[in-house]
Amino acid sequence: MSAAEKFQEAASSDSKDATTPLVWLARTYLHLHKLPDAQATVERALQSDKNSAQAQSAQAELDFRQAKITEAEALLRNLIQDKKADARAYLWMARIYGITANYKVAKTLLDMAHSLDPKDPDISAVWMNTLSRPERLVEFKKEYNEGKYENEVEQTELAEAIAVLQDREKNPDRSCKLVGKGVTTEITLRSLTYDAYRLRGYGLPVNVNGVSSNLLLDTGAGGILINSKTAEKAGLTKLSDQKIGGIGDSGPANGYSALAQKLKIGDLEFENCYVQVVDKKSSLNVDGLIGADVFADFLVDLNFPDHKMRLLQLPPFPDQPAQGASLQSPDAGAAKLHNRYIPPEFVGFEKAYRFGHMLLLQAKINDAPYKLFLLDTGDWDNTITPTAAREATKVHREYGADVRGLSGQVKKVYSTGAVTLAFSDFKQERDDMVSLDMTSISNNIGTGLSGTLGFAMLFQMEIWIDYRDHLVKFYYDPNRLH
């Protein structure tokens, strides 16, 4: 009997306490990505006992998954202040503090969650990623040997993580550290096109082991991804096989993690860096991708109108000395224990939610409520999910559209009616917008993604990004040449 069936049976029995099994049934539905069932079950739990701290905690989990971050935080804060919080309440409050760059507080809350229920697999998974590298390796091996995975994908991902951690333990110098005296640089971006008439994005010149490459600068991607042809030329050292996913309906592409002895980006040179290599050359049609998140130790200035990218020093935390810079890579240690710092010169920046390498911003279509949109310079244009679009406008199927990503072609593509997109201090009116399903991404990051802010709009702007503190600033001059 499945967990869901057991909880359903317990909730329908003659037991006086139906609330507890209903709460865990709702959490099971959330784990299975069955949001309507989770919603209905949470409502039943609250009807059974509207004052139940567990039921309110489950409601907060559902709110988080539906991108109602503010509502979730209010519920959890009340539970914690009233000393009614269960382990899961501390877990989800820790997640909220994590996506808002308040890592020090998040770690305290997560330690509390783990002390209350160390056997909860969701708590354990998040808690392990806060450990030191040697501690994580021990815990990951234990998880793998005990078979604590639900499917082949999770098993493969765990094996990949263990392989990289083991390599780093054997080779502590592989930290992608900046070498030399330079700490800032300015780089001319290169135009990448679909054809003679259509601009796809901007490429960042990156020298890999002495081999020149032009990597698509992609704020929607994470890390450095190189196609196998470029990797072979550069003589990259293969570490372990990997599955690499993205937009598309054909499943993850085959690939592997590898080590680049040297990366040169502008005037900056980095040594011993982990990268990913994808076997599907045709799925990229470029030398590779570079996620802007690898520059988390810098203030990233994307001056698209002038075809420039600058990497600048971030102001140090008031209570810490300036730290040496490196490129962020898959082996990066636990999150640095600091809380969000907004220096005086960053007061005009927007606050973003950071989920891994993704920066999510509040945006709205027409008069519908605000949703979460991904800042994505690697996406060809703004996009919206059909569910979010139907709240604001008409949606119809586009049968001739050809949308592709690392996971192949998107089979179902839609188009909207006239829309006005509003985010930050900007509005853009459109006759239509491409609409496609992003459920798999939402399931992966654990909250509802409703669309992307894409390159066709962003290339008209200058964008400053502080990944360290999850801050973004946009500047648009209508009189500037684009």
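# Salt bridges, aromatic pairs and a buried strand

Asp86 is buried, with a relative accessible area of 16%, where buried means under 20%, exposed over 50% and partly exposed in between, for a 1.4 Å probe and protein chains only. The model is predicted, so local features need pLDDT of at least 70 and side-chain atom pairs pLDDT 80 or more, whereas totals for chains, interfaces and linings use all residues. Residues are numbered from 1 along each chain as its sequence is written, and side-chain values use heavy atoms, with hydrogens and water left out.

The side chain of Asp86 meets that of Arg27 in a salt bridge, at 3.2 Å from N to O (a side-chain nitrogen of Lys or Arg within 4 Å of a carboxyl oxygen of Asp or Glu). This pair links distant parts of the chain, since Asp86 lies in the loop between helix 5 (69-81) and helix 6 (87-99), while Arg27 belongs to helix 2 (residues 19-31), 59 residues apart; helices (H or I, at least four residues) and strands (E, at least two) are DSSP runs numbered from the N terminus. Arg27 is also buried, at 5% relative accessibility, and both residues belong to a network of salt bridges that includes Glu61, Arg88, Asp120 and Asp122. The structure holds 14 salt bridges, and among them are these:

| Acidic residue, relative accessible area | Basic residue, relative accessible area | Distance, N to O |
|---|---|---|
| Asp86, 16% | Arg27, 5% | 3.2 Å |
| Glu139, 18% | Lys142, 39% | 3.8 Å |
| Glu269, 24% | Lys262, 42% | 3.9 Å |

Glu139 and Lys142 are three residues apart in helix 9 (residues 133-145), and are therefore separated by about one helical turn. In this pair Glu139 is buried and Lys142 is partly exposed, whereas in the pair of Glu269 and Lys262 the acidic residue is partly exposed, as is the basic residue.

Turning to the aromatic residues, a search of the whole structure finds eleven aromatic pairs (ring centres of Phe, Tyr and Trp, its six-membered ring, within 6.5 Å; planes under 30 degrees apart stacked, over 60 edge-to-face, the rest tilted). One of them joins Tyr202 and Phe455, whose ring centres are 5.4 Å apart and whose planes stand at 80 degrees, so the pair is edge-to-face. Because Tyr202 lies in strand 4 (residues 199-208) and Phe455 in helix 15 (residues 455-458), the pair ties together parts that are 253 residues apart in sequence. Both Tyr202 and Phe455 are buried, and together with Phe304 and Phe459 they form one aromatic cluster.

Another buried residue is Asp469, at 0% relative accessibility, which is found in the loop between strand 26 (462-466) and strand 27 (471-475). Leaving aside residues up to four places away in sequence, Asp469 touches Ala101, Phe317, His338, Asn339, Arg340 and Tyr341 (heavy atoms within 4.5 Å).

Strand 15 (residues 358-365) has six of its eight residues buried, so it is largely enclosed by the rest of the structure. Strand 15 pairs with strand 14 (residues 353-355) in the antiparallel sense over three bridges (pairing requires at least two DSSP bridges), and Met358 in strand 15 is the bridge partner of Phe355. Strands 14 and 15 form a hairpin with two residues between them, and Gly356 in the turn has a positive phi of about 65 degrees. Strand 15 also pairs antiparallel with strand 16 (residues 371-375) over four bridges, with Phe373 of strand 16 as the bridge partner of Leu361. This second hairpin has five residues between its strands, and Asn366 in the turn has a positive phi of about 50 degrees. Strand 22 (residues 419-423) runs antiparallel to strand 15 and is joined to it by three bridges, where Phe423 in strand 22 is the bridge partner of Ala363.
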